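This briefing covers enclosed and open spaces, one helix and two backbone angles. Please have the sequence and the coordinates to hand.

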Amino acid sequence: MESLYSFRDLLNLTSKIGAYEFPILMFLLKAIFVLFLFISFVLFFYDRYIQRENQLLINYPLIGRLRYLFYALRDPMRQYFGDEKFYESFDKVKWVYDSAEGRSAYASFSPGQPQKSARLSIKNANCVLNTEDVSESFHVEFGEGIKHPFRTNSIFGRSAMSDGAISPEGTRAFAKGAFLGKFPINTGEGGLTSNFLYTHKYKPSCNKYLDIFEGTAFAKTIYKMIVFFVNEALAEKVYRDMVIDAQAPESYLFDRDTLVCFRIDWEAPLEHFPQEVPEDIPDIILQIGSGLYGVRDKKGNFDAERYKKSMCFAKMTEIKMAQGAKQTGGKLLASKVSEAVAYYRGVEPHKDLFSPNQFPYGDTLERLFDFMGELKKLSEKPVGVKIVISSAEGFEAYTQLIVKRVQEGSSSYPDFITVDGGDGGSGAAPLEMMMSVGMSISKALYIAQSSLSCAGVRDKVKLIASEKVLTPDDAIVLFGLGADYVAIARAFMMSAGCIRARECSGAHGKACPVGLATQDKYKRASFLVEKKAKNIAAYHGQLLQGIRNLLAIMGLNNIEKLNESHLVFKESIFE
């Protein structure tokens with residue numbers, strides 16, 4: 001009986017609510033409908049009788065606008081309603097997302113799109129191993145014989161992505177993900193910024209190289225109150241606004257333990273900078289592009305002092321001569337050149353930033369190698385170069401010059417060569433270069449490995465491979481072809497939440513919808529740095545586990561035993 005009375009009371013309450021709210025709701029619906037009709041009539045009249053720029057809208061006023069709505073949704077929504085076109089299978093894409101989220105990455109029945117075009121496959125052994133029999137030690141040593149060689153903790157790393165092309169929050173997530181996962185991270189040609197030091201803890205006893213702002217007791221009290229009643233993100237924003245009084249306030253990091261805002265003070269004397277790379281930051285590879293961002297003076301020339309300061313936080317240097325998606329200089333549209341990005345790079349904000357095509361010290365290979373030697377002397381750390389290979393003859397010039405320098409007893413040659421395949425990606429690149437320049441990574445890597453080995457200098461130069469790697473089987477093929485280390489960009493982007501909407505460049509007024517590859521403050525505000533850092537580290541962990549699984553069925557207990565003989569060449573690699 002009690003339940004019956006309760007039910008009747010609920011009905012009575014509902015009827016009372018309806019009596020008061022329904023007229024208001026109906027009024028709002030009618031108002032919205034009238035407004036919709038009015039706007040539709042105005043657009044119809046404008047399309048048919050006023051505008052004379054689009055003939056489709058003249059013939060099909062109003063309805064023709066649906067075409068542009070569907071067109072705008074094509075890229076962000078295509079992965080949900082269409083087959084995977086760029087990668088061999090959507091199963092690979094899903095593997096990345098599942099691995100990052102810690103979900104099971106096992107497939108059922110068969111791949112959604114069988115890989116009919118794969119030219120290389122993996123040989124299984126007659127007598128396989130258990131996964132636990134395979135060594136968990138995955139490392140590469142760059143710059144053997146140099147005062148400060150770089151021994152990695154992984155055979156994978158995040159490829160070059162500039163802070164600027166990526167949002168500050170995105171760079172921080174990658175930095176912490178790399179720190180948690182113990183793998184290297186490449187700065188991209190934007191250079192070293194504060195965001196790469198996201199995990200760095202402020203220490204009052206070691207702060208002479210930092211530019212610092214610390215709030216008053218009142219500001220700290222306001223911060224703690226907002227944390228208690230709302231959340232840390234809002235508290236930090238308010239605290240920053242109260243405390244920081246400097247150019248590019250976004251360039252400052254915030255230490256939640258000490259409530260200190262800090263960034264690197266590049267004007268501080270070199271002797272104030274750390275003598276050893278701090279242990280609380282990830283392994284950083286400093287990339288230098290044609291714009292020399294992060295290592296140049298106010299006139300745009302190379303600044304040796306600034307370079308040495310940057311190398312106090314980095315393990316080695318990569319000179320970018322080219323990448324797969326573009327053979328031009330880096331391109332950052334005005335919408336991405338924020339005050340902070342302009343501060344880091346020493347340029348004017350809110351203006352297109354296009355780097356020169358030619359590296360300033362790379363008009364000849366001889367001069368490029370000499371510049372590498374200069375960088376080695378300044379940093380006493382490994383230096384390499386990133387290139388795209390288009391022919392065996394083109395790479396042979398690198399090989400022969402390496403041989404010559406080795407015979408002369410000179411150290412002016414690359415400790416490593418990053419080979420980027422012609423199908424590599426980019427946040428902003430000319431379409432005519434994205435898929436039409438350079439060889440695919442398997443061909444290019446085969447050429448580099450063969451050329452250096454035949455010349456007897458393969459042991460002097462490590463090879464880094466980069467192009468369209470998503471899953472462990474993608475990578476194991478590259479290791480079999482000679483790669484010592486694999487740099488990954490797009491898959492790490494996906495592990496950080498990228499939905500491949502292809503709006504990275506910021507062109508046409510669009511912005512990355514998840515806040516990862518944009519400087520749009522509204523979109524960035526929702527980016528979950530701490531969560532995505534864990535996802536990035538989880539994806540890396542699954543990659544290594546997948547490599548161990550594959551080595552086990554190949555009968556190899558260590559990746560150093562993997563070579564070309566463990567691959568099946570279905571077709572000629574040069575076809």
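Between which two elements does the loop that holds E380 lie? E380 sits in the loop between α10 and β13. The model is a predicted one. The points below start with the helix that precedes E380 and then turn to the positive phi values, the cavities and a pocket.

**Helix α10**
- Helix α10 covers residues 365-379, and its 15 residues should span 21 Å at 1.5 Å a residue. The C-alpha atoms at its ends are 21 Å apart, in agreement with that expectation.
- Buried positions of α10 are L368, F369, F371, M372, G373, L375, K376 and S379.
- An α-helix has 3.6 residues a turn, so residues three or four places apart point the same way.
- The packing partners of these buried residues are two helices, α8 (304-310) and α11 (392-407), and three strands, β9 (284-288), β10 (316-320) and β13 (383-387).

**Positive phi values**
- Most residues other than glycine have a negative phi.
- E380, just after α10, takes a positive phi of about 60 degrees. With a relative accessible area of 32%, E380 is partly exposed.
- L259 also has a positive phi, near 60 degrees, and is not a glycine. Its place is the loop between β7 and β8 (260-264).
- Is L259 buried or exposed? L259 is buried, because its relative accessible area of 5% falls under the 20% cut-off.

**Cavities**
- Four cavities of 30 Å³ or more turn up in a search of the whole structure.
- About 80 Å³ is the volume of the largest cavity.
- The lining of the largest cavity consists of 14 residues, with S159, N186, E318, Y485 and A487 nearest its centre. Two or more lining residues come from each of β5 (185-186), β15 (462-466) and β16 (485-488).
- By class, this lining of the largest cavity has seven nonpolar, four polar and three charged residues.

**Second largest pocket**
- The second largest pocket has a volume of about 1,400 Å³. It is lined by 40 residues, and those closest to its centre are E169, R172, A233, E236 and R240.
- At least two lining residues each come from α5 (168-181), α7 (232-243), β7 (253-255), α16 (521-524) and α17 (529-553).
- Which element gives the most to this lining of the second largest pocket? That element is α7, with seven residues.
- Charged residues number 19 in the lining of the second largest pocket, alongside 16 nonpolar and five polar ones.

Methods. Residues are numbered from 1 along each chain as its sequence is written. This is a predicted model: local features need pLDDT of at least 70, side-chain atom pairs count only at pLDDT 80 or more; totals for chains, interfaces and linings use all residues. Side-chain values use heavy atoms; hydrogens and water are left out. On a 1 Å grid over the protein atoms alone, a cavity is a set of points where a 1.4 Å probe fits but cannot get out, and a pocket is an open set with protein on both sides within 12 Å along at least five of seven lines; lining residues have an atom within 4 Å of a point. Grid points are joined across faces, edges and corners, and a volume is the space filled by probe spheres set on the points. Helices (H or I, at least four residues) and strands (E, at least two) are DSSP runs, numbered from the N terminus. Ala, Val, Leu, Ile, Met, Phe, Trp, Tyr, Cys and Pro count as nonpolar, Asp, Glu, Lys and Arg as charged, and the others, Gly among them, as polar. The expected span of a helix is 1.5 Å times one less than its number of residues. Buried means under 20% relative accessible area, exposed over 50%, partly exposed in between (1.4 Å probe, protein chains only). Contact means heavy atoms within 4.5 Å.
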